[in-house]
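User: Hey, can you walk me through this one before I get back to the bench? I'd like the fold, the core and the charged pairs.

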Amino acid sequence: IKSNFMKLSKTNEERSISSLQSRWADLNKKATKFNGTYLQIKRVPRSGYNEEKYVEEALKLYKDEMSEDFPFLSNWNYLKDKPKWTVNMMKKKEVTKKAIVEK
């Protein structure tokens, strides 16, 4: 983790493993929440909406629900198309579908 951070970091600031883990925990929690908000909005197709407008709506809804701006938009843009992230989101969708079918 630390070596990848140093390799990808734009600053050469040294960070401890615990600070990187803490930062990742915060980023992961907020990005997961935002991604859920984004997917919720994308489920309802809207005339005239493009990707940018869906993200804009998700940002507004996130702010309304969390009482803060989403601070990790560039990170989310990077993560959202990664296989590990999309697999996790697909699993959550399957669980939700199963719960609905079982009711």
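**Chat about the model**

User: What kinds of elements are in the chain, helices or strands?

Analyst: This is a predicted model, and its chain has five helices and zero strands. Along the sequence the pattern reads α-α-α-α-α.

User: What's the average pLDDT?

Analyst: The chain averages 83, and 83% of the residues score at least 70.

User: Which helix has the lowest mean pLDDT, and which the highest?

Analyst: The lowest is helix α5 (residues 83-102), with a mean of 56, while α3 has the highest at 97. Over residues 95-103 the pLDDT stays under 50, and the model shows zero contacts beyond four places in sequence for that stretch.

User: OK, on to the inside. How many residues are in the largest nonpolar core?

Analyst: That core has 15 residues, and Phe34, Tyr38, Phe70 and Trp76 have the most contacts inside it. Two or more of its residues come from each of α2 (17-42), α3 (51-66) and α4 (73-79). The biggest giver is α2, with six residues. As general background, nonpolar side chains tend to be buried together in soluble globular proteins.

User: What does Tyr38 touch?

Analyst: Leaving out neighbours within four places in sequence, Tyr38 is in contact with Glu51, Tyr54, Val55, Ala58 and Trp76. Three of those names come up again in α3, where Tyr54, Val55 and Ala58 are among the buried residues.

User: Tell me about α3 then. How far does it reach from end to end?

Analyst: From its first C-alpha to its last, α3 reaches 22 Å with 16 residues, close to the 22 Å expected at 1.5 Å a residue. Its buried residues are Tyr54, Val55, Ala58 and Tyr62.

User: Why are those on the same side of α3?

Analyst: Because they cover an arc of only 95 degrees around the axis, which puts them on the same side of α3. In general, residues three or four places apart point the same way because an α-helix has 3.6 residues a turn.

User: And what's on the other side of α3, and what covers the buried residues?

Analyst: Glu52 and Asp64 are exposed on the other side of α3. The cover over the buried residues of α3 includes α2 and α4. Just after α3, Ser67 takes a positive phi of about 60 degrees.

User: Back to α2. Which of its residues are buried?

Analyst: Leu20, Leu27, Lys30, Ala31, Phe34, Asn35, Thr37, Tyr38, Leu39 and Ile41. The helix has 26 residues and reaches 36 Å from first C-alpha to last, close to the 38 Å expected at 1.5 Å a residue.

User: Hang on, there's a lysine in that list. Why does Lys30 count as buried?

Analyst: Its relative accessibility is 19%, so Lys30 counts as buried, given that the cut-off is under 20%. Not counting residues up to four places away in sequence, Lys30 touches Tyr62, Glu68, Phe70, Pro71 and Phe72.

User: Which residue forms a salt bridge with Lys30?

Analyst: Glu68 does, with the closest N and O atoms 3.4 Å apart. Glu68 lies in the loop between α3 and α4 and Lys30 in helix α2, so the pair ties together parts that are 38 residues apart in sequence. Glu68 counts as partly exposed, at 29% relative accessibility, whereas Lys30 counts as buried.

User: How many salt bridges does the structure hold?

Analyst: Nine. One of them joins Asp69 and Lys63, with the closest N and O atoms 3.2 Å apart. In that pair, Asp69 counts as exposed at 52% relative accessibility, and Lys63 is partly exposed at 42%.

User: What about Asp81, which side chain does it meet?

Analyst: The side chain of Asp81 meets that of Lys80 in a salt bridge (3.7 Å, N to O). Asp81 is exposed, with a relative accessible area of 56%. Salt bridges that share partners join Lys42, Glu51, Lys80 and Asp81 into one network. Glu51 came up earlier too, as a contact of Tyr38.

User: Last one: how much of the chain is buried?

Analyst: Buried residues make up 21% of the 103 residues. As for contacts in the chain with a separation of 6 or more, 48% are between residues 24 or more positions apart.

Methods: Residues are numbered from 1 along each chain as its sequence is written. This is a predicted model: local features need pLDDT of at least 70, side-chain atom pairs count only at pLDDT 80 or more; totals for chains, interfaces and linings use all residues. Side-chain values use heavy atoms; hydrogens and water are left out. A nonpolar core is a set of buried Ala, Val, Leu, Ile, Met, Phe, Trp, Tyr and Cys residues joined through side-chain atoms within 4.5 Å. Buried means under 20% relative accessible area, exposed over 50%, partly exposed in between (1.4 Å probe, protein chains only). Helices (H or I, at least four residues) and strands (E, at least two) are DSSP runs, numbered from the N terminus. Contact means heavy atoms within 4.5 Å. The expected span of a helix is 1.5 Å times one less than its number of residues. The arc is that of the directions from the helix axis to the C-beta atoms. A salt bridge is a side-chain nitrogen of Lys or Arg within 4 Å of a carboxyl oxygen of Asp or Glu. pLDDT is the predictor's confidence in each residue, from 0 to 100.
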